[in-house]
Amino acid sequence: MPHPLTYLLLPLLLFSCSQKPKSESEAVATKPKAQLSVRNAHSMAWNSNDGRVYLFGGANEKQVLADLWVYEKGSWQSLEVEPGPQPRTFAAFTYDPSNDWFILFGGSKVLFGSAANANNMLNDTWQLKNGKWEQIETTNAPTPRAEAVAVYNPKSERTVLFGGYTIQGDQYIKLGDTWEFYDNDWHLASESGPSERHGVAMAYDPQQQAVVLFGGSTVDKQYGESQGETWVWGNGAWQKLDIEQPPGVFNAAMVYDLKNRELIRFGGWNGETRIDETWVFQDGGWKMLELETRPAARNHATMVYDRKRQVAVLFGGHDGKRVFGDIWEYADGKWVQVSEVEPLERVRNGH
């Protein structure tokens, strides 16, 4: 006669034998694929080595981030990298093909802080190469700032950085200095040229073989002078172009369209409202395009020109209340919406 304990163990043994053994992959929970929803005050640059657009940081609807993404086939893919720069908004970010690395500088720890705090301003310099971040210990870094803009100048093989703002006490101070990054350090290149300002639009124009700057939030008028200003940086000096200038804007996005040999500028704040205007600079003058299909009015968006596919890629931004996550591409005078994402209302939590 079987031992009484056998009748107690038999159901357990039968249940155990009926379960299929799990493979190692089945035993480990699948990590959900990260998705990029909405973003503003982020940094973007195009890598001419691998032909892809990269995005770092910025803020979504509720917090400031330090994540890294790459744009491929109409969508964003998350990149897992070792810890690098801390979360920030409005960092200067550009790709240096001569060294095959990205350079990131400064920014702010917040988007719209509840009070002025000089400790929110950053002036650290990082390089991103082969999927790894490394902080560069510079000896002559620009003062801490946000909303400075950096552009790589292939003629001089230097990264050019201009302006931005910093905080002293409870005062926002606009900046007008120009720096160049080479030999693993920053070098003050000029303290003259455009007046102190931040949120300028800036891009390299191979036709002029110079960096072109437009607009910005100036000292004389908070959101740009009544008539905008167009400046070029070449041979170590700024020159203001004597042309008919369009209205000034702040925080517009601008790139150079290599195919059509023109600068493209979109959006920004004109002193009264956010705009959805598309402007081109060609043959020495600005022209606004009348386009039925276009992104919604916004600022704090970022645009990068993809030379491989010959399109300008615009992503994110906000309209004062909502943060955007839609992707638009511009080519040959037309905007095409690549992806549609429902805007999210920004959580006013002091970030």
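Two antiparallel sheets

Visitor: Which residue in β17 is the bridge partner of Y204?
Guide: This is a predicted model, where local features need pLDDT of at least 70, side-chain atom pairs count only at pLDDT 80 or more, and totals for chains, interfaces and linings use all residues. Residues are numbered from 1 along each chain as its sequence is written, and side-chain values use heavy atoms, without hydrogens or water. Strands are DSSP runs (E, at least two residues), numbered from the N terminus. In β17, Y204 is matched by V211.

Visitor: How many bridges join β16 to β17?
Guide: Two strands pair if DSSP finds at least two bridges between them. β16 and β17 (residues 210-214) run antiparallel. The number of bridges joining them is five.

Visitor: Which are the edge strands of the sheet that contains β16 and β17, and what is its average twist?
Guide: This open sheet has four strands in the order β16-β17-β19-β20, paired antiparallel. The edge strands, each pairing on one side only, are β16 (201-205) and β20 (237-240). From one strand to the next (axes are lines fitted to C-alpha atoms, with angles from 0 to 180 degrees between N-to-C directions), the twist averages 25°.

Visitor: Where are the edges of the sheet β21-β22-β23-β24?
Guide: Four strands in that order make an open sheet with antiparallel pairing. An edge strand here pairs on one side only. The edges are β21 (253-257) and β24 (285-289).

Visitor: Which residue in β24 stands opposite W279?
Guide: Strand β23 covers residues 278-282 and is joined to β24 by five bridges, the two running antiparallel. Opposite W279, in β24, stands M288.
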